[in-house]
Amino acid sequence: MTVNKKTDPKEIVQLLQQLKQSSDFQTIQPAVGDKQLSISYFKTMIDERLLQSNVILSLQDRALDSDFKQLEDLKTWIPIEDIEITDQVDRIQAKLLRGCAIASLDQDAGRYALIHLGSIEGLRKNNDTENEFSVVGPKVGLVEDLDINIGLLRSQINIPTLVVKEIIVGTTSKTRVAIVYIDDVTNKKYVQTVQQRLERIDYDVIFDTSQLDQLISDNSLTPFPLFLSTERRDRVVYALITGQVAVISDGSPYSITGPSTLFDFFLSPEDYYLPWVLGSFFRMIRIFGVIFSLFATSMYIAVTTFHYEVIPRDLLEPLIFSRRNVPFPPLLEVLFLEITIEFLREAGARLPTKIGQTLGIVGGIVIGQATVLAGLTSNILVIIVAFSALASFATPIYKMSNAIRFLRFPMIFASSIWGALGMFIGIGFLLVHLSRLTSLGMPYLVPIHPLRVRDLRDSFIRPSYQFINKRPGYLRTESTVKYKPGKVKRRNDLDRE
Amino acid sequence: MSQVTSEQYTISPYLIIFPLYVGMVGVGILTYQRRVMEHAGYNSWVSLIITGLSMHLLLWMLYKILSSIEDSRDIVAINHKLFGKWLGNLINLAIVLYFVLGAFVKFKVYVEMIQVWLFPSMNFLPVSIVILLIVYYAVSGGLRSVTGIAVWATMISCLSIVPQVSLTFPYLHPMNLLPLFNHSATDILLSSKDMGFEYLGFETLLFIYPFVKTPEKSQKWAHLIMILVTLLYLMILILAFMFFTEEQLLHTIWPTLNMIGIFEVPLLQRLEYMAVSLWFIKIIAGISIFIWAACRGMKLAFHFRPRISLIVFLAAITVSSYFIIDHRTVEWVSKMYANVGLYFIYAYIPFIFLCVMVRKRLASRATPANE
C-alpha cells in the first residue's frame with residue numbers, strides 16, 4: 001500500500017481539522033457520569049440507529065449504577081464486538097473512513113477507541129446474475145459487497161482449507177481486495193504471483209475487478225482477456241476447486257480467476273449440468289461459432305475479391321446476382337455492415353431493455369432490408385455478417401466475445417489486401433501471439449501448446465463425469481484427484497434383472 | 001559457456017516432435033514426387049524407405065553425439081572441444097550460415113509457390129516483410145513460442161491430410177504400382193539420395209537438444225516423428241503414383257496440389273487456393289525454427305545478441321529475396337542447399353560421430369590410467 005504523502009496527516013489534531021471541513025463529519029459530546037466523552041464519526045458512513053441504541057443509550061444506562069473510569073471500559077460497556085483502542089493516526093484515519101466512530105476522553109488525550117458502526121446500505125440486495133444467464137443451473141451471482149461474496153463462496157466450498165487473504169489496493173479508494181484459493185489444492189506459486197502483483201499496484205481508485213485484471217495481467221498488449229471474469233458463483237467455485245486463484249474486490253460483482261487458458265473462456269457451467277453428450281455438442285457449436293465469426297467475413301472478401309475460382313459454379317450465379325448492383329468493392333461493403341452491427345451492439349448495451357429490443361428490430365430488420373434494397377450490400381453478405389455476429393455472442397464470457405469481434409477487423413483488412421494468403425497471414429500472427437501469451441506465467445494455449453493429451457479431454461468435448469475426476473495437470477495442483485469416479489453400471493446381459 | 005538451460009525456457013521431451021516435423025516437411029512435400037521418381041520411377045517408394053532408414057541411423061548418431069560429452073550438449077561446444085577455438089568457430093559459422101540458407105530456401109520456394117498459384121503478378125516485397133515480421137515475432141519469443149507455432153502447423157497439416165487422402169480415393173488406380181521391381185539397385189539408390197533433401201531440417205536438433213528437459217527421453221519421440229514423416233511421404237508418394245501415370249507425373253511440377261485441385265466440396269472447389277494459403281502457417285513455423293537455430297548458434301559461438309542476429313538474418317533474407325527473382329537462380333540456390341545439406345547430414349554428422357566416439361574411448365582409457 002503506497003501512502004499519499006501530501007494528504008496524510010501526522011498529528012491527530014491535523015486529521016480532525018481536515019475532517020471537519022466536510023459537513024457530514026460530526027462530533028457529539030455525551031456526558032457519561034462525570035466524564036466528558038467525545039464521539040466523532042461520518043454520519044454518512046455509519047448506522048446512526050446503532051449509535052443511538054447501542055452506544056449512547058447503553059453508556060447512559062450503565063453510568064447510572066457504575067463509574068466510567070477509562071477508555072478501556074467502553075469495551076465492556078458497549079454491546080459491540082469490534083472495538084479497538086489505539087493512538088496511531090493512520091490507523092484511526094483508515095478506520096474512520098471505513099465507518100467507525102472514534103471516541104475519546106478529554107483527560108486521556110491522544111488515545112481513541114474505534115467503534116465499528118458501519119452499515120452497508122445502498123447496495124443491491126438482489127443477487128441474480130445480470131449478464132451471464134443459463135437455462136439450467138443456479139442463478140446466484142456475486143454482488144458489490146466483498147463480505148457477502150466471500151460468504152457466498154464459503155457456503156458452497158464447505159471445507160476449512162478455503163483461504164481468503166485480504167489486502168488493500170488503491171491509494172484513494174483503499175479498496176479491500178480478497179485473494180481466494182483452496183489451500184491444499186492450489187499451487188502456491190500462483191497465489192504468490194497474484195499477491196505480489198496486487199501489492200505492487202499503484203493506482204488511485206479501483207472500481208471493478210476488471211481494472212485489477214488489466215493491472216496484474218502478464219501482457220497488456222493483447223486483445224485477449226488473460227483472466228476469466230465472471231459474476232456467476234458456480235463458475236468461481238468451479239475455478240477454485242480445479243485449483244485456480246480467484247480475486248474479488250469490494251464494490252465489484254465480478255470476480256477474476258486465473259491462471260486461465262483460452263479454453264476456459266469457451267466453457268459454460270451449463271455444459272456440466274446437461275448430459276455430457278449435449279454438453280459436448282453445445283460446446284463444439286460454441287467453438288465452431290468462434291471460428292466462424294472470426295473468419296466468415298474475411299473469407300467472403302478473399303473469395304469475392306481474389307479467388308472467384310473457389311466458388312462452385314452453382315453458387316457463383318446467386319452470388320453474382322446478389323452483388324450485381326452493389327457499387328462498392330467487397331471491403332467497403334463488409335465494413336459497412338460490420339460497423340452497423342457494432343453500432344447496434346454498442347447502442348443496445350447502453351439502453352434500457354425495452355428500448356434495446358425496439359432498436360434491435362429497427363437496426364436488424366429495417367436497416368438490413370433497406371441496405372439490400374438500396375443496393376448498398378448484397379443479401380448474401382447480410383446473411384454472413386448476421387451469422388457471424390450471432391456466433392460471436394455465443395461465447396459465454398463477454399470479454400472474450402469482445403476480443404473476437406475486434407479481431408475480425410484486422411482479418412478483414414488483411415484478406416482485402418492479399419486474399420486467402422492475407423487471411424492466413426492474419427491467422428499466423430494470431431497463432432504466434434497466442435502461443436506467446438501467458439496467464440500468471442502459465443501458457444495461455446495449454447493444453448494445445450504445450451500439448452497435454454490428458455487435459456485435452458475436457459476441452460473440445462465435455463466427457464462424462466467418470467473421466468473428469470482429476471484436476472488439469474497444467475495447473476500443477478497439490479492434489480490431483482477431485483473425486484473418485486463411480487463404477488459404470490452395466491447390465492451384463494439383455495433383460496437380466 | 002553455461003550449459004544449464006533455465007527451467008522456464010525448456011520444453012518437454014515429447015514436444016520435440018513438433019519442431020522436427022515442421023523442420024523436415026516443407027514445400028517439398030508438394031513437389032518431391034517428380035524429383036524422387038526421376039531415377040527409380042514407380043519403384044522409388046523403395047528408395048524412400050531406404051532414405052527413411054538411413055535417417056534413423058543419422059538421428060541415432062545425433063543423439064550419441066549430443067549426449068556423449070558431458071557439459072557440451074550442443075554442436076557449438078562440441079566443435080570447440082573437437083577442433084579448438086578457431087577451426088571450431090569456422091565450422092560453427094558454416095553451420096549457422098547453412099541454417100540461414102535453409103530458411104531462405106524455405107521462404108523463397110514458398111514465395112514462388114504463391115507466385116505460381118495465387119498472385120502471378122504481385123509485388124512481393126510487402127508480403128515478404130510481413131511474413132518475416134511474423135517470423136521475428138515468433139523467434140523473439142524463444143524456442144517455446146517457436147514450438148507453439150510448430151504445434152499449430154503440425155495440427156493443421158495433419159488435419160489437411162485426412163480429407164486429402166479420403167477425397168483422392170475414387171480417383172486411384174492401384175494397378176499403377178505394378179510391376180513392383182523393374183529398376184536397378186543403382187537407380188533406386190540414386191532416388192534415395194534425391195529423397196534425402198526432403199528430410200533436411202531434423203539437424204536443428206543440434207541446437208534444440210539442450211533446451212529439452214531430460215533430453216535423453218526425447219530420443220524415442222524423435223524416432224517416432226521420423227517414422228511418421230517417412231510414412232507420410234510414403235503415403236503421399238503412393239497416392240500420387242496411383243493418381244497419375246508415370247509419364248504424367250514426370251511432367252507435373254506440383255503433383256500434390258494438382259491432386260487437391262480436383263476435389264470439390266459443397267461450398268468450395270479449387271481447394272488448392274486454400275491449401276497454398278494454409279501452407280503459410282507451416283512455412284513460418286519452418287523458417288522460425290531454422291532462424292532460431294541460426295541465432296542460437298551465433299549466440300553460443302560468437303556471443304552475438306540473438307535479437308541483433310535475428311534482425312540481421314531476416315533483413316538479409318528480405319534483401320536477397322528481393323534481388324533473386326528468376327526461377328533458375330532460385331532453383332540453383334535450392335540445389336546448392338540440397339547438396340550442402342546432404343553432405344552435412346551424410347558426411348559431417350558421421351564424421352563428428354566418429355570423432356566423439358574416439359574421444360570418448362580415449363577419455364575412458366585415460367581415466368583408469370590416472371587411478
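Guide: Welcome! A helix here is a DSSP run of H or I with at least four residues, numbered from the N terminus. By that rule, A347(A) belongs to helix α12 of chain A, residues 330–350. Please keep in mind that this is a predicted model.

Visitor: Why is A347(A) called partly exposed?

Guide: A347(A) has 14 other C-beta atoms within 10 Å. Buried takes 20 or more, exposed takes 12 or fewer, and partly exposed is what lies in between. The count of 14 falls in that middle range, so A347(A) is partly exposed.

Visitor: How far apart are A347(A) and D208(A) in sequence and in space?

Guide: They are separated by 139 residues in sequence, and their C-alpha atoms are 22 Å apart in space.

Visitor: On to strand β11 of chain A. What makes β9(A) and β11(A) a pair?

Guide: Pairing needs at least two bridges found by DSSP. Strand β9, residues 228–230, has three bridges to β11(A), so the two count as paired, and they run antiparallel. In one of the matches, S229(A) has I256(A) as its bridge partner.

Visitor: How do you know that β10(A) pairs with β11(A)?

Guide: The same rule of at least two bridges applies. Strand β10, residues 245–249, is joined to β11(A) by four bridges in the antiparallel sense, so the rule is met. There, A246(A) is matched with T257(A). Five residues lie between the strands of this hairpin, and G251(A) has a positive phi near 95°.

Visitor: Which way do the residues of β11(A) point, and are they buried or exposed?

Guide: S255(A) and T257(A) point one way, I256(A) and G258(A) the other, and all are buried. Side chains in a regular strand alternate between the two faces of the sheet.

Visitor: What makes the peptide bond from G258(A) to P259(A) cis?

Guide: Its omega is near -5°. P259(A) sits in the loop between β11 and α9 of chain A. A cis bond also leads from H449(A) to P450(A), again with omega near -5°. P450(A) is in the loop between β13 and α16 of chain A. Most peptide bonds are trans.

Visitor: What is phi of K174(A), and what of R270(B)?

Guide: Phi is near 45° for K174(A) and near 50° for R270(B), positive values in residues other than glycine. Most residues other than glycine have a negative phi. K174(A) lies in the loop between β7 and β8 of chain A, and R270(B) in the loop between β2 and α12 of chain B.

Visitor: Why does R270(B) count as partly exposed?

Guide: R270(B) has 19 C-beta neighbours inside 10 Å, and buried would take 20 or more, so R270(B) is partly exposed.

Visitor: Why is chain B called as compact as a globular protein of its length?

Guide: Its radius of gyration is 21 Å, close to the 21 Å from the globule rule for 371 residues, so the description holds. Chain B has 14 helices and two strands, and 46% of its residues count as buried.

Visitor: What kinds of residues make up the side of chain A that touches chain B?

Guide: Contact means C-beta atoms within 7 Å, and 23 residues of chain A are in contact with 27 residues of chain B. The chain A side divides into 16 nonpolar, five polar and two charged residues.

Methods
Residues are numbered from 1 along each chain as its sequence is written. Chains are lettered from A and ligands numbered from 1 in the order in which they are written. This is a predicted model: local features need pLDDT of at least 70, side-chain atom pairs count only at pLDDT 80 or more; totals for chains, interfaces and linings use all residues. Two residues are in contact if their C-beta atoms, placed from the backbone, lie within 7 Å. Ala, Val, Leu, Ile, Met, Phe, Trp, Tyr, Cys and Pro count as nonpolar, Asp, Glu, Lys and Arg as charged, and the others, Gly among them, as polar. The radius of gyration is taken over C-alpha atoms; the globule rule is 2.2 Å times the number of residues to the power 0.38.
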